[in-house]
Each structure stands twice: as structure tokens, then as C-alpha cells.
Amino acid sequence: MKIAAAELRRIHLPLREPFKIAYNTWTSMPSLILRLETDTDLVGWGESVPDEGVTGETIEGVYATLAERLLPELIGHDAFAIEEFHERAGKAINGGYAAKAAIDLALFDLKGQSCNQPLYQMLGGNTNVVTAPAVLGMTAPQALKDSLLEYMAAGYTHYKLKLGGGWAEDCRRVALARETLGDGATIKVDANQGWGTWDMALKVIRSIEPYNIELVEQPVRHWDFAGLQRVRQNSPIPIMVDEGVCDARDLLRLILAGGIDWVNIKLMKCGGILPATKMAALAEAAGIKVQVGSMLESSIGSLAGAHLHRAQSCIKSSEMVGPRWFSQDIGDFRYQGCQVVFSDRPGLGVEIDEDMLKRLTVSGVRIEQSGARPLP
Ligand code: MG
């Protein structure tokens with residue numbers, strides 16, 4: 001089964017409201033949607049949502065990497081040879097993980113379809129249900145309270161608060177959330193590097209400890225492994241690394257530097273499902289719990305993360321929240337309260353709304369053996 005053609009579309013996914021975290025605010029989410037066609041008439045879907053604050057990749061750069069480098073070389077490639085794709089792409093491009101993820105996801109979609117198995121089963125899992133947390137951006141107190149009440153009414157049990165606004169503001173947000181949600185809800189917090197230094201991080205962590213917080217994500221800057229260790233050794237709350245670990249080499253360095261309680265693996269940070277499974281194996285061997293996180297991804301990336309979550313037992317949680325934030329999406333990732341019962345169809349199992357995809361398209365290109373042409 002060979003790759004015969006590729007279509008790449010740059011789209012803008014409209015958000016219901018702006019998404020604000022410590023290092024950025026988004027009013028809509030740019031995404032790249034990849035459609036691979038095989039010589040056996042199968043169609044596989046992939047997605048790339050780069051976050052330049054994390055991997056340094058911009059949407060324009062990823063588009064160019066895919067359209068000019070990776071996709072032309074993929075035409076004629078054996079769709080099952082996913083390891084070979086990563087080996088070749090890894091030699092050609094250092095990093096570039098969000099670009100590689102688009103192809104990795106589409107190849108896994110094709111593989112699952114060709115084997116007539118949903119991806120989670122093909123990867124070793126046996127259930128297609130995940131629990132989604134409510135992720136709350138850095139909004140004003142009343143807006144935060146309104147959102148919490150809305151999620152509670154919808155049956156949510158797990159909450160993640162975006163912090164990093166400073167000691168006083170962060171303490172107020174956590175207190176407000178616990179007061180609103182009561183004792184039963186699970187609350188975790190994500191500073192997104194916003195506390196800056198390890199001593200400021202510990203100051204906030206010690207202040208929010210009485211509110212029964214499950215874990216604290218990325219308390220220091222992404223490069224600060226020494227600070228991360230100081231926080232972890234002195235923190236009464238378990239620590240998760242996110243921006244500080246993109247690929248397996250980062251994770252190995254962190255393990256050698258002393259380890260961590262949790263790692264947040266994201267397909268867009270590591271290059272897709274195959275690299276993510278290697279990272280999960282490394283984490284498991286080191287006794288580190290794994291979460292599969294996401295950028296705000298459409299149904300395609302969200303489905304890939306959900307399948308992966310259910311494939312490996314060391315993956316304890318996932319955060320597939322993109323489709324909840326979008327007012328329009330190109331696929332059928334649907335929430336039932338806080339649960340997602342995702343597709344049992346072969347591969348990713350995504351049903352694409354092609355009209356919506358065209359409506360949201362800003363620009364696109366079709367690549368075949370004979371060359372490239374712009375999409376209408
Ligand atoms: Mg995070």
C-alpha cells in the first residue's frame with residue numbers, strides 16, 4: 001500500500017471564547033489538516049497544531065516543511081513503514097515534531113483501516129471511553145466561577161486550572177475553584193512556566209496545598225531542569241513536566257537528572273503516535289506516570305490522543321479538550337458529559353465534514369507524483 005497523493009489545508013478553528021494561558025492568548029486556533037490517499041483508495045487523516053512557545057514551530061513553517069519537504073518525499077512511500085518514515089524524517093529535520101505528527105497520524109489511520117481495526121485495539125487497548133477534564137483558562141474570577149458551574153452542571157469531575165498570573169491571583173483562583181466545586185472534584189493546576197523561578201513556584205505551591213491539588217504542571221521554565229528538581233524535592237504536591245519534555249531524549253535527560261512524578265506527552269511535541277509510545281515505555285520503566293495531553297486540536301488530533309490513551313496502561317489520563325473549545329469543528333469527536341466514547345470504526349475512525357473543512361480552509365495544496373497544485 002503506497003502513498004499516492006497528499007492534500008494539506010491550513011484552517012482556522014473558531015474558538016467559543018479566547019483561550020488565555022501564562023505565555024499566550026488565542027482567539028482562534030490555526031491548524032493544518034492532512035489527507036493522504038493510497039494506491040488502494042484508502043484515505044488517512046492527520047493534523048498538525050504547532051505551538052511556537054513549546055516546540056518553536058510556527059504554522060507557516062510547518063506548512064512549508066510539510067508541503068516542500070516531507071510530503072513530496074512521502075509520495076510512493078509504503079504506508080505501513082512508519083518507523084522508516086520517522087528515521088528518514090529524523091535524519092532530514094532536527095525537531096519539526098508538529099510537522100512529523102501530521103504524517104504519523106495519517107499513516108496510523110491508514111494502517112488501522114487497512115487492518116480493519118480501530119487504532120486503540122491495534123495498539124493493544126480494549127476500551128474506547130476516556131474521561132475529559134474541564135480546562136479553565138486565565139479568566140476573571142466571575143467568568144471562572146460561571147465556567148466552573150457550567151462544567152459541574154454537565155457532570156465534570158476533573159478540572160485543570162491554568163495558573164501563572166502571580167502568587168496572589170493564583171491563590172485566589174484555586175480557592176475560588178475549590179469553594180465552587182466542593183471536596184469531591186479533582187483539581188490540578190498548570191503554571192505553564194509562568195512562575196518563572198523555583199522559589200516563586202514553591203511559594204505558590206505551599207500556599208495552594210490546603211486545597212487538595214492532585215498535581216502541579218510545569219512550575220518552572222522549560223529549560224530549567226535543576227529548578228524543576230528543587231521544586232519536586234520540596235513540593236508537597238506531585239509535579240508534572242510538560243513544556244520541559246518534548247521527545248524521548250528530553251525525557252531520558254530528565255530521568256538521568258532525577259526524574260519526575262508525571263510527564264505530559266503530546267503528539268505535537270514528539271512527532272506522533274510512534275514516538276509517543278516509545279516515550280511512554282521509557283516513562284513506565286522509570287516509574288513515571290503518563291498523561292497524553294493535547295494542544296487545542298480538532299477531532300483528528302483529539303481522536304489520535306484518545307486512542308493512544310487507551311492503548312497503554314502507564315497512560316493514566318488524557319486531556320482531549322480541543323473540540324469542546326471550538327464553535328465549529330471538522331470532525332465528530334463528541335462529549336457525553338465529561339466522557340468521550342470515541343469511534344469504533346477502523347483507524348482513527350474520524351468522520352470528516354468535508355464542507356466544513358473547505359469553509360474553514362485558508363489555503364491548501366495537493367501533492368502528487370507529477371507535482372503540486374493549489375487547492376481551490
Ligand atoms: Mg501544560
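In this predicted model, a polar atom of the Gln218 side chain lies 2.9 Å from the backbone oxygen of Val220. Gln218 sits in the loop between β8 and α8 (225-234), and with a relative accessibility of 1% Gln218 counts as buried, since the cut-off for that class is under 20% relative accessible area. Once its neighbours within four places in sequence are set aside, Gln218 is in contact with Asp190, Ala191, Asn192 and Gln193, and also with Met240, Val241, Asp242, Glu243 and Gly244.

Two of these contact partners of Gln218, Asn192 and Gln193, deserve a look at their backbone angles. Asn192 has a positive phi of about 45° although it is not a glycine, and Gln193, which is not a glycine either, has a positive phi of about 75°. Asn192 is placed in the loop between β7 and α7 (198-208), and Gln193 is likewise found in the loop between β7 and α7. The relative accessible area is 3% for Asn192, which is buried, and 8% for Gln193, which is buried as well.

Asp190 and Asp242, both in contact with Gln218, lead on to the metal site. The magnesium ion is coordinated by Asp190 through OD, Glu217 through OE and Asp242 through OD, at 2.1 to 2.3 Å. Written along the sequence, the spacing of these donor residues is D-x26-E-x24-D. Asp190 belongs to strand β7 (residues 186-190) and Glu217 to strand β8 (residues 213-217), so this pair ties together parts of the chain that are 27 residues apart in sequence. Asp190 and Glu217 are both buried. A reader who wishes to judge the geometry of the site should bear in mind that water is not among the atoms, so sites may look incomplete.

Asp190 is also a partner in salt bridges. With Lys160 it forms one in which the closest N and O atoms are 3.5 Å apart; because Lys160 lies in strand β6 (residues 158-162) and Asp190 in strand β7, the pair ties together parts that are 30 residues apart in sequence. Both Asp190 and Lys160 are buried. Lys162 forms a salt bridge with Asp190 too, the closest N and O atoms here being 2.8 Å apart, and this pair links distant parts of the chain, with Lys162 in strand β6 and Asp190 in strand β7, 28 residues apart. Lys162 is buried, as is Asp190.

Strand β7 takes part in a further salt bridge through Lys188, whose side chain meets that of Glu319 at 3.5 Å, N to O. Glu319 lies in the loop between β12 (315-318) and α13 (322-325) while Lys188 lies in strand β7, so the two tie together parts that are 131 residues apart in sequence. Glu319 and Lys188 are both buried. Through shared partners, salt bridges join Lys160, Lys162, Lys188, Asp190, Glu217 and Glu319 into one network, and two of its members, Asp190 and Glu217, are also among the residues that coordinate the magnesium ion. A search of the whole structure finds 20 salt bridges.

Burial can also be followed along a helix. Helix α12 (residues 299-309) is mostly covered, with eleven of its eleven residues buried; among them are Ser299, Ile300, Leu303, His307 and His309.

At the level of the whole chain, the division is into domain 1 (3-116 + 353-374) and domain 2 (120-341). The centres of domain 1 and domain 2, taken over C-alpha atoms, are separated by 24 Å, and the contact takes 41 residues from domain 1 and 41 residues from domain 2. Between them an area of about 3,400 Å² is buried, of which carbon and sulfur atoms give 69%.

What polar links accompany this contact between domain 1 and domain 2? There are 14 residue pairs in polar contact, with both residues at pLDDT 80 or more, and the count of salt bridges between domain 1 and domain 2 is one. On the side of domain 1 that touches domain 2, the elements that give two or more residues are β1 (3-21), β2 (24-38), β3 (43-48), α2 (82-92), α3 (97-114) and α14 (354-360). Of these, β1 gives the most, with ten residues. The side chains of Lys278 and Glu83 meet in a salt bridge at 3.0 Å, N to O.

Methods
Residues are numbered from 1 along each chain as its sequence is written. This is a predicted model: local features need pLDDT of at least 70, side-chain atom pairs count only at pLDDT 80 or more; totals for chains, interfaces and linings use all residues. Side-chain values use heavy atoms; hydrogens and water are left out. Donors are N, O and S atoms within 2.8 Å of the metal (3.2 Å for Na, K and Ca); water is not among the atoms, so sites may look incomplete. Helices (H or I, at least four residues) and strands (E, at least two) are DSSP runs, numbered from the N terminus. Buried means under 20% relative accessible area, exposed over 50%, partly exposed in between (1.4 Å probe, protein chains only). Domain bounds come from an automatic or database domain assignment. Contact means heavy atoms within 4.5 Å. Buried area is the accessible area (1.4 Å probe) that two parts lose on being put together, summed over both. A salt bridge is a side-chain nitrogen of Lys or Arg within 4 Å of a carboxyl oxygen of Asp or Glu. A polar contact is a pair of N or O atoms within 3.5 Å; within protein, one must be able to donate a hydrogen and the other to accept it, and residues adjacent in sequence count only if both atoms are side-chain atoms.
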